Amino acid sequence: MNPCQNGGTCENSFGSYTCHCLTGEKDGMFYGAYNVNDGEWHSVEVTIARAVTLKLHKSSCTESCLSQTAAIVDSRQAVIAFRNVFLGGLPQEYIPGRFGHEETTGYAAFSIEESHENVTVSMFVRTRKPFGFLLGLERNTSLFLKVWLEDGKLAMSGPHSNKFLSMQIMNDGNFYFISLKMGPNMMDLFQSSKKLGSVSTPLRKIHRTDILYIGGLPDKQETILNGGFFKGCIQDLRLGNHPLEFYPLTASLNSASSKSTLINVVAGCIGEDLCKSTPCQNGGVCYSIWDDFTCTCPPNMAGKACEEVKWCDLSPCPPEAQCLPVYQGFECKSSAIFYRSNGKIRRDLTNITFGFRTQDSDVVLLYAEKEPEFLSISIEDAKLLFQLQSGNTFFTLSMASSLSVNDGKWHKVTYSMTEPLSQSSRWRIDINDEGDHAMSTVATGNLNFLREGTDVYLADKAFDKKDGLRGCMSTVEIGGIHLSYFDNTKKPQEEQFLKISANSVVTGCLKLDACHSNPCLNGGLCEDFYSYFRCTCAKGWTGSRCELSVDECSSNPCLHGNCSDGISAYKCVCDPGYRGTRCEEDIDDCFGHLCGNGATHIRMPSTLCGNENRNITCYNYGNCTEFEGRLECMCLAGFAGLQCEVDINECNSNPCLNGGLCQNQINKFYCICDVNYAGDRCEIDNLFQLLSYLILRMDDDPAVEW
């Protein structure tokens, strides 16, 4: 047992021990090397930037007696470190609010009690979802400021401003500190201390009775239009220096709101157990992490849920074939043609002769291996390369042509030993008779290892990721023995190389330039493969000959409009109220329209019917109809007026009792009650209900438990 506390190291001494206390930083806490209970005055200096620096000064020291620095992992640690120093080490974290727990939908609403000018709204956010409404300020039933997640990135918009979308991904399950700073004609969005961007706005003040929504809105449809309900945790929500607590432990005199509404918001940052649905397949073991899971997969399995079988690890293909993974399965690549001696070859194999034509710059022409001996003839970087290790030597002979050989022309090649009767000899290369020749600098053995059951691969190599030869090869002879392209037929000669692979060989070789007829249409580029051609199509075209126009509208690029397909392009005809190349920009029809007497101009969704001479516009999703020659608007419930332009205010009848705040919604109202009242109309007195319950319980007999 270690008697030294707080990470101290114990040193054993005779009959006793000495504790060497921890100095520096560990787990976010600072430990000094100097005692502070010596009766002298001490001062502490703390600097929080990208790191926390703590300095301790005492009256008898001219320099700082202690200076420790520790890096801050995230802004949440910086805030906690600051509080630990200046609040006596007592944790001051607030209870997080958990939104979307167990697939519920909900939100929090705070009624602002006092006006705030040039204020900052801040909070910690944690989620794994790419979309979700984070924050919105509502004034007179109009949402004039909102922040949400879009594709895992922070997005923001204000009145009369375009949407701002940041580049910072925030849906990785970590806590992020975000803040929104309101200033003159500008709103700035921050992640920790990093400014992400700004939007222009005439607003610089949060008014009393404004409502701050967190995680969603009372209207489900409006929430969906603004990112959907948030799923995750929000902690330490503040309006300036005033906390807005989801679950206050004690009444706070510093709170910016005394009225709050929580709908399906759970206390604490509880992670969901996604393993209970047994997502791991094929025997994988599930481990739950916060709002996610990870699977430990058995061998030959892969994927997040072990849903992918690594078929090729099971070696399903025959030895002469290569396994290639494809979607939900595998394919055996067996294009290689290979030969094997019939076991009766007695002559010494001292030369190889063959011819070829190709445009490939990297391909295997012939390969054989019987460890430690091997033979390789290939084209690498357009040069012909000969490599051989044979006999008792440990050296690898390597020779490359001086000229490129991938010009599509026929090349006749001969490799031969300069001293064929010797056990070891230098080798010579001749290309196109004497057009290109060279001599090796080292000596090696012959090719007799090919007589002993060694597979000789032609125009490819087993288990090689490269494609086989695209081109032609003429007769191949090893030591004067032909490698026949035809399936084995009875031949009188005793010494033979037999074709072992079942793959057939296409005989004949097309004339040079399979692209001579210009088969690729609409500007496509033709690539010659001798026996066939391949077209690389210009942008906007597809098909084997580039004969088909790509439908650019198939991906539905127009967000709010109709798509018209063109050649390598598309055009969006936008719905009313939208513009942009993809109809992605919502036109603010209220901009420039100043309403008198403090009224607020609101753009409403509309439909239009009639013709250019006689028409009518119906707002708020009203149904435009023509009846007996008259154009009329059939309004949805909750709207009135000739054009359905009037939103009936259900709050005019003052339905909320006991000081409840009425919020007008479409064809209904919603009451935000004081904490002492509940019910749809705040008609339930919580205190009265509690007193009634206690009075009734007073008449009960006391319970005795033995």
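# Cysteines, cores and cut-offs

Me: Why does Cys558 count as buried?
Reply: In this predicted model, Cys558 has a relative accessibility of 11%. Buried means under 20%, so Cys558 at 11% is called buried.

Me: Where in the chain is Cys558 found?
Reply: Cys558 sits in a loop, with β48 (548-549) on one side and β49 (561-566) on the other.

Me: Which residues does Cys558 touch, not counting residues up to four places away in sequence?
Reply: Cys563, Tyr570, Lys571, Cys572 and Arg582. Contact requires heavy atoms within 4.5 Å. Another distance for Cys558 is taken between C-alpha atoms: that of Gly580, 22 residues away along the chain, is separated from it by 9.3 Å.

Me: What makes Cys233 and Cys269 a disulfide?
Reply: Their sulfur atoms are 2.0 Å apart. The cut-off is within 2.5 Å, so the pair qualifies as a disulfide. Cys233 belongs to strand β21 (residues 232-239), while Cys269 is in the loop between β24 (265-267) and β25 (285-289). With their positions 36 residues apart, the pair links distant parts of the chain.

Me: Is that disulfide right-handed or left-handed, and what shows this?
Reply: The torsion about the S-S bond of Cys233 and Cys269 is about 100°, so the disulfide is right-handed.

Me: What burial class does each of Cys233 and Cys269 get, and why?
Reply: Cys233 has 0% relative accessibility and counts as buried, because the class covers values under 20%. Cys269 has 22%. Partly exposed lies between the 20% and 50% limits, so Cys269 counts as partly exposed.

Me: How do you know that Cys280 and Cys295 are joined, and which hand does the bond have?
Reply: The S to S distance is 1.9 Å, and the limit is within 2.5 Å, so a disulfide joins Cys280 to Cys295. The torsion about the S-S bond of this pair is about -85°, so the disulfide is left-handed. Cys280 lies in the loop between β24 and β25, and Cys295 in strand β26 (residues 292-296). Both Cys280 and Cys295 are buried.

Me: What makes the Cys537 and Cys546 disulfide left-handed?
Reply: The torsion about the S-S bond of Cys537 and Cys546 is about -95°, so it is classed as left-handed. The sulfur atoms are 2.1 Å apart. Cys537 has a relative accessible area of 25% and is partly exposed, whereas Cys546 has 0% relative accessibility and is buried.

Me: How many disulfides does the structure hold?
Reply: The structure holds 15.

Me: Which residues have the most contacts inside the largest nonpolar core?
Reply: Phe354, Leu375, Ile377, Leu384, Tyr415, Leu447 and Leu450, in a core of 39 residues. Strand β33 (residues 363-370) supplies the largest share of this core, 4 residues. A second, separate core has 38 residues, including Phe110, Ile112, Met156 and Ile214.

Me: Which residues is Ile377 in contact with, leaving aside its neighbours within four places in sequence?
Reply: Ile352, Phe354, Val364, Leu365, Leu366, Leu384, Leu385, Phe386 and Tyr415.

Me: Which residues does UniProt list for "domain: EGF-like"?
Reply: An unreviewed UniProt entry gives residues 271-307, 511-547, 549-584, 605-645 and 647-683. In the model, the span 271-307 is 0% helix and 32% strand, with its end C-alpha atoms 24 Å apart. The span 647-683 is 0% helix and 35% strand, with its end C-alpha atoms 26 Å apart.

Methods: Residues numbered from 1 in each chain as written. Predicted model: local features only at pLDDT ≥ 70, side-chain atom pairs only at ≥ 80, totals over all residues. Heavy atoms only, no water. Helix = DSSP H or I, 4+ residues; strand = E, 2+ residues; numbered from the N terminus. Buried < 20%, exposed > 50% of the residue type's maximum accessible area, 1.4 Å probe, protein only. Core = buried A, V, L, I, M, F, W, Y, C linked by side-chain atoms within 4.5 Å. UniProt positions renumbered as here; feature names shortened; annotations may be inferred.
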